[in-house]
Amino acid sequence: MKASALLILVFFTVTTYAQNSLNNYKYVIVPSKFSFSKEENQYGLNTLAKLLLEEKGFSAFVANENMPAEVAANKCSALNAEVTERKGLFATRLTITLKDCQGNVLFKSKEGNSREKEFQPAYEMALRDAFTSFNDVQYKYDGTTFAQPQQTVIPATTPAAPAQAPAPVPTTPSVTEATGVLYAQATPNGYQLIDTTPKKVLSLFKTSVQDFYIAVDGPTSGVVFRKNEEWLYEYYKDSKLVSHKLQIKF
């Protein structure tokens, strides 16, 4: 009798896990600020987590970005990414977890480690190390469609005026022109951009994508990339996308 009960329990566990796998999800939401961070997108980690998830095949979004209508209408159609830190004296240790809307863990990485002394490269290297756990996962979205949550409909006593659709939010920012030449000086993880003063203007950190860098300017973080033979620096300010042209000499 005990053996039969145990067999039923094991079958139920395996079935539940099979019904909730990474392959059921196309979208992942990355918070704009991790629990151990002091500010949004500190060290560019949230942007980096989004980019690394996209490299694995997910459609990822930082929480303060515009999201697809199906995710905005039903948050259960997306997974939530969490990055946690285990404190250490001589190492930076990060773990990434993917959870569904009910808090069930569908994926948990190994603990990524870095012994770099500087915070910026240490956190980046630890996060990249944690993401190597995805190499053991054969992720491929299976086309699952999540049902919309049921809502109670209250009949209207008088005909309601048709609601006007909200004005579309522009996805292309206005671009400001470059104000001067910036000179790129190589660093262990990328470049620092110096103006003619000389003064450091931006720190660039390499990614796995050619001509695409994580950019840090004090508390502001964004990306620098080349498009149509021009360099652009883009970041969010007050929930609005800002774009600047840069003239960089490498």
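**Notes on the predicted model: a pocket, a strand residue and aromatic pairs**

1. Four elements, namely α2 (45-55), β2 (59-62), β12 (220-227) and β13 (230-237), each contribute at least two residues to the lining of the largest pocket. Please keep in mind while reading that this is a predicted model.

2. The volume of this largest pocket comes to about 640 Å³, and 28 residues line it, with Asn 41, Thr 47, Ser 221, Tyr 235 and Tyr 236 lying nearest its centre. When the lining is sorted by the character of its residues, 11 are nonpolar, 9 are polar and 8 are charged.

3. Turning to the aromatic rings, the model holds 15 aromatic pairs by the rule used here. In one of them, Tyr 27 and Phe 61, the ring centres are 6.1 Å apart and the planes stand at 40 degrees, so the pair is classed as tilted, because an angle that is neither under 30 degrees nor over 60 falls into that class. Since Tyr 27 belongs to strand β1 (residues 27-30) and Phe 61 to strand β2, the pair ties together parts that lie 34 residues apart in sequence.

4. Both members of that pair can be checked for burial, for which the cut-off is a relative accessible area under 20%. Tyr 27, at 6% relative accessibility, counts as buried, and Phe 61, with a relative accessible area of 17%, is buried as well.

5. A further aromatic pair is formed by Tyr 191 and Tyr 213, whose centres are 6.0 Å apart and whose planes make an angle of 80 degrees, which is an edge-to-face arrangement. Tyr 191 lies in strand β9 (residues 190-194) and Tyr 213 in strand β11 (residues 212-217), so this pair ties together parts that are 22 residues apart in sequence. Tyr 191 counts as partly exposed, at 23% relative accessibility, whereas Tyr 213 is buried, with a relative accessible area of 10%.

6. Tyr 191 also appears among the contacts of Ser 203, a residue that touches Tyr 191, Gln 192, Ile 214, Ala 215 and Val 216 when residues up to four places away in sequence are not counted. Ser 203 itself is part of strand β10 (residues 200-206), and its relative accessible area of 16% means that Ser 203 is buried.

7. Finally, a reader following the aromatic residues through the model may wish to look at one aromatic cluster, which is formed by Phe 34, Phe 36, Tyr 43, Phe 119 and Tyr 123.

Definitions and conventions:
Residues numbered from 1 in each chain as written. Predicted model: local features only at pLDDT ≥ 70, side-chain atom pairs only at ≥ 80, totals over all residues. Heavy atoms only, no water. 1 Å grid on protein atoms, 1.4 Å probe; cavity = no way out; pocket = protein on both sides within 12 Å on 5 of 7 lines; lining within 4 Å. Points joined across faces, edges and corners; volume = space filled by probe spheres on them. Nonpolar A, V, L, I, M, F, W, Y, C, P; charged D, E, K, R; others polar. Buried < 20%, exposed > 50% of the residue type's maximum accessible area, 1.4 Å probe, protein only. Contact = heavy atoms within 4.5 Å. Phe/Tyr/Trp six-rings, centres within 6.5 Å; stacked < 30°, edge-to-face > 60°.
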